[in-house]
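Me: I'm new to this one and keep tripping over the labels. Can we go through them together?

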Amino acid sequence: PPTAGCDEPHEVFTGKARNLYPVRTGSVRNPTDTLTAGVSAMGFGGINSHVTLSSAHGPSRYLRPALDERAMLASKQATELFALQEESLQALERRADDLLEVVAGMSVAEMPDLAAELASRLGGTGTARAAIVATSPNDLLERLATLIRAIEQSDGGDRASFVTPDRRVALSTGATQPKVGFLFPGQGSQRVNMARTLVERFDWARDLVANAIYHDTDQDLDGEQQKRWMRALTQTEVAQPAICLASLLWLELMHRLGLNPSAVGGHSLGELTAFHAAGALDQKSVLQLAGLRGRLMGKISVEGSMASLSCPPTEAREFIEWVNGYVVIANVNSPTQTVVSGDVEAVAAAIALAKERGIRARELPVSAAFHSAHFSETVTELRDLPQLRGTATASKARLYSTMTGGSLDGPINLSQHFSAARSRPGRRSIRVDQRDHRGRGDTLLAARK
């Protein structure tokens, strides 16, 4: 089991005691493993006893826990969700007021029980609803008081809506079921152990996962292992299927919670998962395409880089056009965030120019210059993949393309959609295209990354 209260281990464990490490995440061991433990007793009179114990046999079947140990280790969390539903605001206020007495003196260990009990009461006809996210009993008391004040300050009618700035307390009455949109991330979003909690907790998640993206973080002996794992995960042939796999896991969880999107889209690589969420590709095809494209793009021999600039594309154009090297606007993530891509030196120069202007800029954790002409030679190989033959139609949700900004209606030619390319200009100093940055000709979009 994890070592209690050990969130920030002493620095000695990254120096002299590298071969020792505190257990922060825990692990389930094979019943046939021999476990060894040291027990120390320090007496006030100076008498110290030290005993080393080794397991003589497997664990007794009488001590087998009722809950899955692997799921319990993955279930530690810092917050609980408390949901309330009543017929009216007045009844909701009375329920919140009653809970103040219940929570007073409650232990942290009792919070999941209360959250589960409240959740079991949901599903009636009541239209007055509230939700609270809390980290401790005292935190819950404060947020219950906030909810009560919000109800008291409402106009007393049948309709009310309230959300605190930190989004930890929400109140609503008479609301209809909202429409939800899912936006899936592309390369650069990878993290070591992403979605691991789902894999450890749920059997259905284990059926989807591969072992490549999960590691025992307790054994990061020198403090640098995470960085080495991250560098390996950044490689295109690994990152693409890993990111799609994590997205599929979270999508399945949302589906099992009853949260189904009305509209979907994806940043670059994320369009593969968006196609699946819209009913246009199955899970197997998504993972196959991600793996194949990752290997194709991992063969690129030209070094490249990408950077995120906190400015609109019009401002980015003003200074990257003077960079001595190949750099282009690759993505427009929002009106105030632009991504550039190109040669390593040119992107570094663009970052420097941005910082001189007071613009926040950072290099992205990618292995190549995606969405640029560096990948123009791989387009033919992508276009000829057997998984992209034929057409597909979005049947479950409206599917939006990040190439055009519009929805993809009717049959979609998969090969054509996932192999849009940009040709590389021949001169050394590049002026960015002056066409609309959302247009198909100015970006190497969905499948290119």
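Reply: Sure, here are some labels and the values behind them.

Reply: This is a predicted model, where local features need pLDDT of at least 70, side-chain atom pairs count only at pLDDT 80 or more, and totals for chains, interfaces and linings use all residues. Residues are numbered from 1 along each chain as its sequence is written, and side-chain values use heavy atoms, with hydrogens and water left out.

Me: What makes up the protein chain in terms of helices and strands?

Reply: There are 14 helices and 15 strands in the protein chain. Helices (H or I, at least four residues) and strands (E, at least two) are DSSP runs, numbered from the N terminus.

Me: Why is V51 called partly exposed?

Reply: Buried means under 20% relative accessible area, exposed means over 50%, and partly exposed is in between (1.4 Å probe, protein chains only). V51 has a relative accessible area of 43%, so partly exposed it is. You'll find V51 in strand β2 (residues 48–54).

Me: Which residues make a nonpolar surface patch with V51?

Reply: V39 and L53 join V51 in a patch of about 250 Å². Patches take residues with over 30% relative accessible area and no salt bridge, joining like charges within 9 Å and nonpolar side chains (Val, Leu, Ile, Met, Phe, Trp, Tyr) within 5 Å. A salt bridge is a side-chain nitrogen of Lys or Arg within 4 Å of a carboxyl oxygen of Asp or Glu.

Me: How do you know that β7 and β8 pair?

Reply: Two strands pair if DSSP finds at least two bridges between them. Strand β7 (residues 181–184) and strand β8 (residues 263–266) have four bridges and run parallel, so they pair. G181 stands opposite A263 in β8.

Me: Which residues are on the covered face of β7, and which on the uncovered one?

Reply: F182 and F184 are on the covered face, while G181 and L183 are on the uncovered one. In a regular strand the side chains alternate between the two faces of the sheet.

Me: What makes F182 and F184 an edge-to-face pair?

Reply: Rings of Phe, Tyr and Trp (its six-membered ring) pair if their centres lie within 6.5 Å; planes under 30 degrees apart count as stacked, over 60 as edge-to-face and the rest as tilted. By this rule the count comes to two aromatic pairs. F182 and F184 sit 6.3 Å centre to centre with 90° between the planes, so edge-to-face fits.

Me: And why is the pair of F275 and F418 called tilted?

Reply: Their planes are 55° apart, with 4.9 Å centre to centre, so the pair counts as tilted. Both F275 and F418 are buried.

How values were computed
Accessible areas come from the Shrake-Rupley method with a 1.4 Å probe; for residues, only the protein chains shown count as cover.
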